[in-house]
Amino acid sequence: MNQIKIQTEPFDLAAIQEELRRDNPAIGAVVTFLGQMRDINEGDRVSTMTLEHYPGMTEKALQAIVDEAGARWQLLGIRVIHRVGPLHPLDPIVLVAVASAHRGEAFQACEFVIDYLKTRAPFWKKEQTAEGERWVDARHSDDAAERRWKRS
C-alpha cells in the first residue's frame, strides 16, 4: 500500500516504518530517507524556513513519482510524508520509506523517489537569514540527480 501525506506537524519515523512493514512477511527490506532542515545554506545561517505548496497539485505530483517507482521496481509499499509551514533547524522535513522483498530494489526506489521529489514536486522554500528573507532556487545538483534516472 502506498501513502502520501503533506502535513504541518512532525511525524514519527518509527511508527511509519512499523505500519509499512507490519503483517507482511514478504517484506525483506525497508529503506528510509529522512531529510531535515539544516541551519546553514549557501554559506549563510538560516534560522527558519517556510515551505509552501499548491494543494492538490503537489499530491498529484508525488503520486506520479510513487507510481513511476512502482513501475520500475517490485515494491511492497511506499510512504512519502512531506511537511509544509514554518520549520527550524533539525526539524524533519521529508520522509521516504520503501518496502520490498530485497534491499537492492528498496535502496534504488528510495533514492529515485527523493531525487524526483526534489525536482518534480511543487514545493517552494523561503529562508530567514540575518540579511532577511529569501526564496531558495533549485539546485543544479538536484537536476543532475534526476537526469541519471532518465530512460533512453
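Biologist: Which side chains meet in a salt bridge with arginine 148 and glutamate 111 as the pair, and at what N to O distance?

Modeller: Side chains of opposite charge can pair when their charged atoms come close. In this predicted model, the side chains of arginine 148 and glutamate 111 form a salt bridge, with 3D separation given as 2.5 Å from N to O. Arginine 148 belongs to the segment after α4 (140-147) and glutamate 111 to helix α3 (residues 103-120), so the pair ties together parts that are 37 residues apart in sequence.

Biologist: Are these two residues buried or exposed?

Modeller: Neither extreme applies: arginine 148 is partly exposed, with a relative accessible area of 46%, and glutamate 111 is partly exposed at 36%.

Biologist: Which arginine meets aspartate 115 in a salt bridge?

Modeller: Aspartate 115 pairs with arginine 148, at 3.0 Å from N to O. Aspartate 115 lies in helix α3 and arginine 148 in the segment after α4, so this pair ties together parts that are 33 residues apart in sequence. Aspartate 115 is buried, its relative accessible area being 12%.

Biologist: Where do arginine 72 and glutamate 68 lie?

Modeller: Both are in helix α2 (residues 57-72), four residues apart, which is about one turn of the helix. Their side chains meet in a salt bridge at 3.0 Å, N to O. Arginine 72 counts as buried because its relative accessible area, 18%, is under 20%. Glutamate 68, at 25%, is partly exposed.

Biologist: How many salt bridges does a search of the whole structure find?

Modeller: The search finds eleven. Among the residues involved are Glu18, Arg21 and Arg22, which are linked in a network of salt bridges.

Biologist: How many helices and strands does the protein chain have?

Modeller: There are four helices and nine strands. Along the sequence they follow the pattern β-α-β-β-β-α-β-β-β-α-β-β-α.

Biologist: What radius of gyration does the protein chain have?

Modeller: The value is 16 Å, which agrees with the figure near 15 Å for a compact globule of 152 residues. Along its principal axes, the C-alpha trace spans about 50 × 40 × 30 Å. Of the 152 residues, 40% count as buried. Among contacts with a separation of 6 or more, 77% come from residues 24 or more positions apart.

Biologist: What share of the accessible surface belongs to carbon and sulfur atoms?

Modeller: Carbon and sulfur atoms hold 50% of an accessible surface of about 8,700 Å². As for charge, the mean positions of the 20 positive and 23 negative charges are 4 Å apart.

Note on methods:
Residues are numbered from 1 along each chain as its sequence is written. This is a predicted model: local features need pLDDT of at least 70, side-chain atom pairs count only at pLDDT 80 or more; totals for chains, interfaces and linings use all residues. Side-chain values use heavy atoms; hydrogens and water are left out. A salt bridge is a side-chain nitrogen of Lys or Arg within 4 Å of a carboxyl oxygen of Asp or Glu. Helices (H or I, at least four residues) and strands (E, at least two) are DSSP runs, numbered from the N terminus. Buried means under 20% relative accessible area, exposed over 50%, partly exposed in between (1.4 Å probe, protein chains only). The radius of gyration is taken over C-alpha atoms; the globule rule is 2.2 Å times the number of residues to the power 0.38. Contact means heavy atoms within 4.5 Å. Accessible areas come from the Shrake-Rupley method with a 1.4 Å probe; for residues, only the protein chains shown count as cover. Lys and Arg count as positive and Asp and Glu as negative; His and the chain ends are not counted. The place of a charge is taken as NZ of Lys, CZ of Arg, CG of Asp or CD of Glu.
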